[in-house]
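Visitor: I should like to understand how the terms applied to this structure are justified. May I put some questions to you?

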Amino acid sequence: MPRVALTQEAADVLRRLLASHGDLMFHQSGGCCDGSAPMCYPAGEFRTGSSDVHLGDLTVDTSVIPVWMSAAQFEYWSHTHLTIDVVPGRGSGFSLEAPLGVRFLVRSRLLNEGEF
């Protein structure tokens, strides 16, 4: 069972970003303010390491978009399934969708026994 999914609305925004920026990635740090939101970057722009957890990959058409989360944040979310969605409004200036007037956010649900 994948740990992470995507709404159709978020996939539509990602198509626009893929056309403008090429390959993409997500990272959620769990820091204050917008750090608790998934940040979208050009692939490889945010360096991941041993303090990050690879939650899985999202597929938009033929593009594969890896999703990462800091290990400390993952401790809080380890029993949840995450869905990346998009809503109107400005989020962090560091995430690629900010100039489009939308922001990505995570919706979660508890995993059922056997799903994790």
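**Reasons behind the terms**

Guide: Let us begin with a pairing in this predicted model: Gln28 stands opposite Met69 in strand 5.

Visitor: What makes strand 2 and strand 5 a pair?

Guide: Two strands pair if there are at least two bridges between them. Strand 2 and strand 5 (residues 63-70) are joined by 3 bridges and run parallel, so the criterion of at least two is met.

Visitor: How do you know that strand 2 pairs with strand 3?

Guide: Strand 2 and strand 3 (residues 39-42) have 4 bridges between them, in the antiparallel sense. Within strand 3, Pro42 is the bridge partner of Leu24.

Visitor: Why is strand 2 called largely enclosed?

Guide: Of the 5 residues of strand 2 (residues 24-28), 5 are buried, so the rest of the structure largely encloses the strand. Leu24, Phe26 and Gln28 are buried on one side, and Met25 and His27 are buried on the other. In a regular strand, side chains alternate between the two faces of the sheet.

Visitor: Why is Leu18 called buried?

Guide: Buried means under 20% relative accessible area. Leu18 has 15%, and is therefore buried. This residue lies in helix 1 (residues 8-21). Leaving aside residues up to four places away in sequence, Leu18 touches Asp23, Leu24, Val60, Ser63 and Ile65.

Visitor: What makes the meeting of Asp12 and Arg15 a salt bridge?

Guide: The rule asks for a side-chain nitrogen of Lys or Arg within 4 Å of a carboxyl oxygen of Asp or Glu. Between the side chains of Asp12 and Arg15 the N to O distance is 2.9 Å, so the rule is satisfied. Both residues lie in helix 1, 3 residues apart, about one turn of the helix.

Visitor: Which residue of the loop between strand 4 and strand 5 is linked to Arg15?

Guide: Arg15 forms a salt bridge with Asp61, with the closest N and O atoms 2.9 Å apart. The pair links distant parts of the chain, 46 residues apart.

Visitor: Why is Asp61 called exposed, and Arg15 partly exposed?

Guide: Exposed means over 50%, and partly exposed lies between 20% and that value. Asp61 has a relative accessible area of 55%, and is therefore exposed. Arg15, at 30%, is therefore partly exposed.

Visitor: How do you know that Asp85 and Arg107 form a salt bridge?

Guide: Their closest N and O atoms are 2.7 Å apart, so the limit of 4 Å is respected. Asp85 lies in strand 6 and Arg107 in strand 7, so the pair ties together parts 22 residues apart in sequence.

Methods: Residues numbered from 1 in each chain as written. Predicted model: local features only at pLDDT ≥ 70, side-chain atom pairs only at ≥ 80, totals over all residues. Heavy atoms only, no water. Buried < 20%, exposed > 50% of the residue type's maximum accessible area, 1.4 Å probe, protein only. Helix = DSSP H or I, 4+ residues; strand = E, 2+ residues; numbered from the N terminus. Contact = heavy atoms within 4.5 Å.
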